[in-house]
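Reader: Could we go through this model together, starting with the sheet and then turning to the ligand?

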Amino acid sequence: MTSSLAAPSHAALDTVSMPGADLGPIGDDLADAGDRFTLAHLPSAHTENARAAVDAVLAGQELLTIRGYPSFEELAALRDALWPKCHVSAVYRVDTGGQVSTTARRREHVLDGSWSAKGRQAAGLSLTEAATVLYVRPRVEAMGQTSTRQKFDLNAVGWNGTPGSPTYRHYRWMRRLLAEIAQPCAGLTALDAGSGTGWVGLEAARMGAKVSAFDPSPAMVELAKENAKEIKVPLDARVGFVEDVPFDQRFELVLNSGVISFAPDADVYLDRLDAVVAPGGLLVIGDLNPKSRGFARRRARDPMLPARELNGLRRREVEERLVARGYTIEKRWYYQLTFPVPELMALAEKRDSHFACGAMLALNRAASAVDQLFGSVAETWFDSWILRARKGT
Ligand SMILES: C[S@@+](CC[C@H](N)C(=O)[O-])C[C@H]1O[C@@H](n2cnc3c(N)ncnc32)[C@H](O)[C@@H]1O
């Protein structure tokens, strides 16, 4: 797709272009980038090179190479310095023999393969040199609607939770909590915005709300419809983004769980969400807490994070935006204990221990009850937050 683009003016950066085919499996992994990549070389992972790197990426360079293997911490600092204009979407290591592997722990990016000598030479690397390769995209592209839809279409089944798995009760508890915070909701017209597989709205439907739902991912919407059928509640589920809601009417209750961190512009997003809340209606919104100890830890150590973890807002930041739009905050909540609880839960799931997962679910329930008791102030302890906000009449 792209041809070689003009080299950025910064002296810190020299650029070359090379055919994507030479990248072997990287090329496969980055299939959506087309059959040709442009590549820029960074003298080091030092954050002083970030400005030049941002310019290169915005000018069309897709892969940044760095000689050697900078530490995860250095790469994480560089990733932060590239944000918010650019997002590091994958990180690879190429060893002295040209073998490619991933530095990141996320399985979907694990690669086997090699980078040809010709390719490495074209990238300005000597054949005896190891290198780190970052696949970096402009934020607008990484967080664009096409990326979001593709990502969730691919992951829809995983998002549905697996009935009978050790963590399933925890999965459902989290979704039910949001609906419970909207109580009493019997008889209310409700919209689950960014519904995923529908479980937040479906919990509200079980409590008597008349629920509609939408999600950008057609695969998610299909699963939401199937889930509704299975539990025998009516659900009008459609495909769409909050930025362009596929319903004309306003709703007495709007549920929005785990979505705002995907919004490229939180203010536009909240304006559009506000437009579907009826006067005097209720918005129950929740998302990840970027200030939790666990997320802060990942941010410092992990070179590659999903864009939403960098883009997420603190509860207080969303609260301020809602108050500015005429909402009164009726309830504040933190839930899901942070590091090491999710990691232990993942381990327990791997070992198929229902008992350990059940114990951690009990711990999570108790912790959010205590959070309520003490006025919901322990921000760094929890990975997620919820606000119950009443719109002015
Ligand atoms: C983390 S999942 C949460 C799903 C569901 N709300 C839940 O709590 O189980 C995020 C969902 O938001 C959807 N999404 C992402 N960006 C969105 C947007 N701008 N508008 C509406 N939905 C969006 C995704 O397709 C995905 O299904």
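Author: The sheet comes first, and the ligand site follows.

Author: This is a predicted model, in which local features need pLDDT of at least 70, side-chain atom pairs count only at pLDDT 80 or more, and totals for chains, interfaces and linings use all residues. Residues are numbered from 1 along each chain as its sequence is written, and side-chain values use heavy atoms, with hydrogens and water left out.

Reader: What is the strand order in the open sheet?

Author: The seven strands run β9-β8-β7-β10-β11-β13-β12, with mixed pairing. Strands are DSSP runs of E with at least two residues, helices are runs of H or I with at least four, and both are numbered from the N terminus; two strands pair if DSSP finds at least two bridges between them.

Reader: And which strands stand at the edges?

Author: β9 (236-239) and β12 (327-337) do; each has a single partner strand, so one side of each lacks a neighbour in the sheet.

Reader: How do β7 and β10 run?

Author: They are parallel, with three bridges joining β7 (residues 189-193) to β10 (residues 251-257). A190 has L253 as its bridge partner in β10.

Reader: Now the ligand: which residues come nearest?

Author: R175, G194, D215, E243 and S257 do, out of 19 around the ligand (a heavy atom within 4 Å). A polar side-chain atom of R175 is 2.8 Å from a ligand oxygen atom, while a polar backbone atom of G194 lies 2.7 Å from a ligand nitrogen atom.

Reader: Which helix gives the largest share of the shell?

Author: Helix α6 (residues 145-159), with three residues.

How values were computed: Polar contact = N/O pair within 3.5 Å; in protein donor to acceptor, adjacent residues only side chain to side chain.
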